[in-house]
Amino acid sequence: MQKKSGGIFKELLENKQIFKDREYLRPSHIPENLPHRDEQVNRLARIWVAPLRGETPSNVFIYGKTGTGKTATVKYLMEELEHVAGDLSREVEVSYLNCEVVDTKYRILATLSNKIRETLVEERDDVSDLPEEVPMTGWPTDEVYDNLLTLLDYRKQVIIVTLDEIDRLVSKGTSDVLYLLSRINSDLDKTKMGVVGISNNLNFVSDLDPRIVSSLGEEEVVFPPYDANQLEDILEERSEKGFADGVIEEGVINLCAAHAARKHGDARKALDLLRNAGEIAEEEEAQKVTTEHVTLASRKIEHDRMEEAIQSLPDQSKLVLLSVLLLQERKARKIGTGDIYEVYSSLCRQHGWDVLTRRRVSGLISELDMMGVINARVVSNGRYGRTKEVELNVDPLQVRSAVQKEIYIQDLDSLPLSKQKKLG
Ligand SMILES: Nc1ncnc2c1ncn2[C@@H]1O[C@H](COP(=O)(O)OP(=O)(O)O)[C@@H](O)[C@H]1O
Ligand SMILES: [Mg+2]
């Protein structure tokens, strides 16, 4: 045992730091500078200057794929707007809701109501005349809406409400709340509201009621995917603040950008890759972040993604995957769909589950193939026609650890197989 000298900490402190401030590299950080989004920022700013003049802002419909900077841009502008409104003493409020989290008409109206109530409570000493807080269930929806109207009209103001990820509402069949909110001004006396709807799904418009499209989409702002060069600029910008000076080796940013450009120009993926590469370098106590760290990070991210995908498979698909695993571990000759079905059905019997038909199992095999967990190759099987040859496309240990959380895995030998000998 060393004498107490704090040596262990001193040593760590002397190590070269990889990160200057990791926060700048996290997806939740809202950058003040958004390279290659000038056009979108300017369009929105021109729409949102209206409330500063006491006018009603147009409703806006924003769309673009994930990672194209929609949320970051809107949040940045909302902060700016609040700031300027404060300076100019204008009654302008902004409110942000994510429909992936708040996903029913009731909850959206209730959350909005309570947020507006909260702002009013903060502003005044006497709140006895304010309507009560809305519980998250229990009231008739009409009453929640009336409550929202009362709170909105409590004083004269202009409010901008952003509803992010509204495509979630359509898949849940609750998009009529968009209609209600985009038309709310006709029910208001003093206050004016502008609604912003953000969608990650481009085909979403065709699924929407045309009435919603016309009232929400008074203005439309499109966020196209970034190309590799643009992603490089974004990463440069963020890494200058996030990483210590000079720790990023030549080629690292370029590689991260190239990776993400192949993934639909998703800036979130580019940032994740860069931050993960930095974390790996840090763990290794390396002096610099290198392209090898990027490659390792990319593998780690892919590994985690696969693990999540396998874990969220339906039980029947897990059994099919488990069958492939057991056969492969057994180093059976080429694994055919017949072998898989044999092992699969005996696993089912053992777990007391229904055995699906060969046809359904064949469908599950194709799905696993499409996910990239297995490779299935169609081969001719002589006079018996065509069959599939299957192999795992991921580390068997990974499949084992992901599957065995829910399914007890035994040895292939202990399975009551009817064709056991043939499989060996
Ligand atoms: N132009 C940009 N400059 C800097 N960071 C950006 C830019 N565009 C996107 N980002 C960052 O990329 C990540 C994903 O952006 P986000 O706004 O969440 O995308 P979306 O909402 O379109 O899915 C966030 O961390 C965001 O800060
Ligand atoms: Mg978003």
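Helices here are DSSP runs of H or I, at least four residues long, numbered from the N terminus. The model is predicted.

**Exercise 1.** Check the length of helix α3 against its residue count, then find what follows the helix.

*Solution.*
1. Helix α3 covers residues 70-87, which is 18 residues.
2. The expected span is 1.5 Å times one less than the number of residues.
3. That rise gives an expected 26 Å, and the end C-alpha atoms are 26 Å apart, so the two agree.
4. Ser89 follows α3 with a positive phi, near 50 degrees.

**Exercise 2.** Determine which residues of α3 are buried and what they pack against.

*Solution.*
1. Buried means under 20% relative accessible area.
2. In α3, Lys70, Thr73, Val74, Tyr76, Leu77, Met78, Leu81 and Ala85 are buried.
3. The partners of the buried α3 residues are helix α2 and strands β1, β2, β3 and β4.

**Exercise 3.** Lay out the sheet and place helix α2 on it.

*Solution.*
1. The sheet is open, has 5 strands and runs β2-β3-β4-β1-β5, with parallel pairing.
2. Its edges are β2 (92-98) and β5 (219-222), each paired on one side only.
3. From one strand to the next, the twist averages 15 degrees.
4. β1 (residues 60-63) pairs with β5 over 4 bridges, in the parallel sense. Phe61 sits opposite Glu220 of β5.
5. Helix α2 (residues 38-48) lies across β1, β3, β4 and β5, at about 160 degrees to β5.

**Exercise 4.** Describe the annotated domain by its content and end-to-end distance.

*Solution.*
1. An unreviewed UniProt entry annotates residues 56-227 as "AAA+ ATPase".
2. Over residues 56-227, the chain is 42% helix and 17% strand.
3. The end C-alpha atoms of that stretch are 36 Å apart.

Key: Residues are numbered from 1 along each chain as its sequence is written. Chains are lettered from A and ligands numbered from 1 in the order in which they are written. This is a predicted model: local features need pLDDT of at least 70, side-chain atom pairs count only at pLDDT 80 or more; totals for chains, interfaces and linings use all residues. Side-chain values use heavy atoms; hydrogens and water are left out. UniProt positions are given in the numbering used here, feature names are shortened, and annotations may be inferred rather than shown by experiment. Helices (H or I, at least four residues) and strands (E, at least two) are DSSP runs, numbered from the N terminus. Two strands pair if DSSP finds at least two bridges between them. Axes are lines fitted to C-alpha atoms, for helices over the stretch in contact, and angles run from 0 to 180 degrees between N-to-C directions. Contact means heavy atoms within 4.5 Å. Buried means under 20% relative accessible area, exposed over 50%, partly exposed in between (1.4 Å probe, protein chains only).
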